[in-house]
Amino acid sequence: MHYGTIKNCDIANGNGVRVTLFVSGCTHHCKGCFNPETWDFRYGQPYTEETEEKLLRMLAPPYIKGLTLLGGEPMEPENQRALLPLVRKAKDRFPEKDIWCYTGYTLESDLLTGNARTEVTDELLSLIDVLVDGEFIEEQKNISLRFRGSENQRLLALRETLDSGKPVLWESF
């Protein structure tokens, strides 16, 4: 896997101050995408064990609320496999911090039953607290939405959604 950038004090991509990893590779190619350079799976730098340790160090300060994965597309099958060890370690070392993931895939039709599933999808989803799902649709762009770009996208409280079997929307508290 490659990544485009890492931000260590991001307030735009999830609740609170966050560490964000912009992965490379996306097959959605949404019209109006804010980050089209990350569609290329080779964009940026190779993701290594050193990158992973750097991210985990960045998560350590108490003012950091959590980790956000976006891109590109974190839920591309090859990216899921690379991200699972990071997410496992982040949850292990920092159980009080949350994990957000932005995906153009839809939970029900792509990640639970569709073509984005891999042998690691279920475990990865079980470790994510908030999933922002759905492709960006330029015709539904709304800059007043919190933590998402178009009106079709949902902020799912993922554990509650998986436990109940129906979408449970995340609300800040």
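Let's start in the middle of a sheet: Leu131 stands opposite Leu156 in strand 7. Keep in mind that this is a predicted model.

**Around strand 6**

On another side of the story, Cys101 stands opposite Leu131 of strand 6. Strand 5 (residues 98-102) pairs with strand 6 in the parallel sense, over three bridges. Strands 6 and 7 run antiparallel and are joined by four bridges.

What about the side chains here? In a regular strand they alternate between the two faces of the sheet. Strand 6 shows this nicely: Val130 and Val132 point one way, while Leu131 and Asp133 point the other way. Are these four buried or exposed? All of them are buried.

**Helix 1 and its two faces**

Now hop over to helix 1, which covers residues 49-59. Its buried residues are Thr51, Glu52, Leu55, Leu56, Met58 and Leu59. Looking down the helix axis, you'd find these buried residues within an arc of 160 degrees, so they line one face of the helix. The general idea is handy here: an α-helix has 3.6 residues a turn, so residues three or four places apart point the same way.

Which exposed residues sit on the face turned away from the buried side of helix 1? They are Glu49, Glu50 and Arg57. As for the buried residues of helix 1, they pack against strand 1 (2-10), strand 2 (17-23), strand 3 (45-46), strand 4 (64-71) and helix 2 (77-93).

**The loop between strand 4 and helix 2**

This loop is home to Gly72. A cis peptide bond links Gly71 to Gly72, with omega at about 25 degrees.

Glu76 is in the loop between strand 4 and helix 2 as well. Glu76 is buried yet has no salt bridge. How far away is the nearest side chain of opposite charge? That side chain belongs to Arg81, and it is 9.2 Å away. Leaving aside residues up to four places away in sequence, Glu76 touches Gly25, Cys26, Thr27, His28, Phe41 and Tyr105.

**Two residues with positive phi**

His29 and Phe147 each have a positive phi, though His29 is a residue other than glycine and Phe147 is not a glycine either. Here they are side by side:

| Residue | Phi | Loop | Relative accessible area |
|---|---|---|---|
| His29 | near 50 degrees | between strand 2 and strand 3 | 43%, partly exposed |
| Phe147 | about 65 degrees | between strand 6 (130-133) and strand 7 (154-157) | 12%, buried |

Methods
Residues numbered from 1 in each chain as written. Predicted model: local features only at pLDDT ≥ 70, side-chain atom pairs only at ≥ 80, totals over all residues. Heavy atoms only, no water. Buried < 20%, exposed > 50% of the residue type's maximum accessible area, 1.4 Å probe, protein only. Helix = DSSP H or I, 4+ residues; strand = E, 2+ residues; numbered from the N terminus. Arc of directions from axis to C-beta. Contact = heavy atoms within 4.5 Å. Lys, Arg positive; Asp, Glu negative; His and termini not counted. Salt bridge = Lys/Arg side-chain N within 4 Å of Asp/Glu carboxyl O. Pairing = 2+ DSSP bridges.
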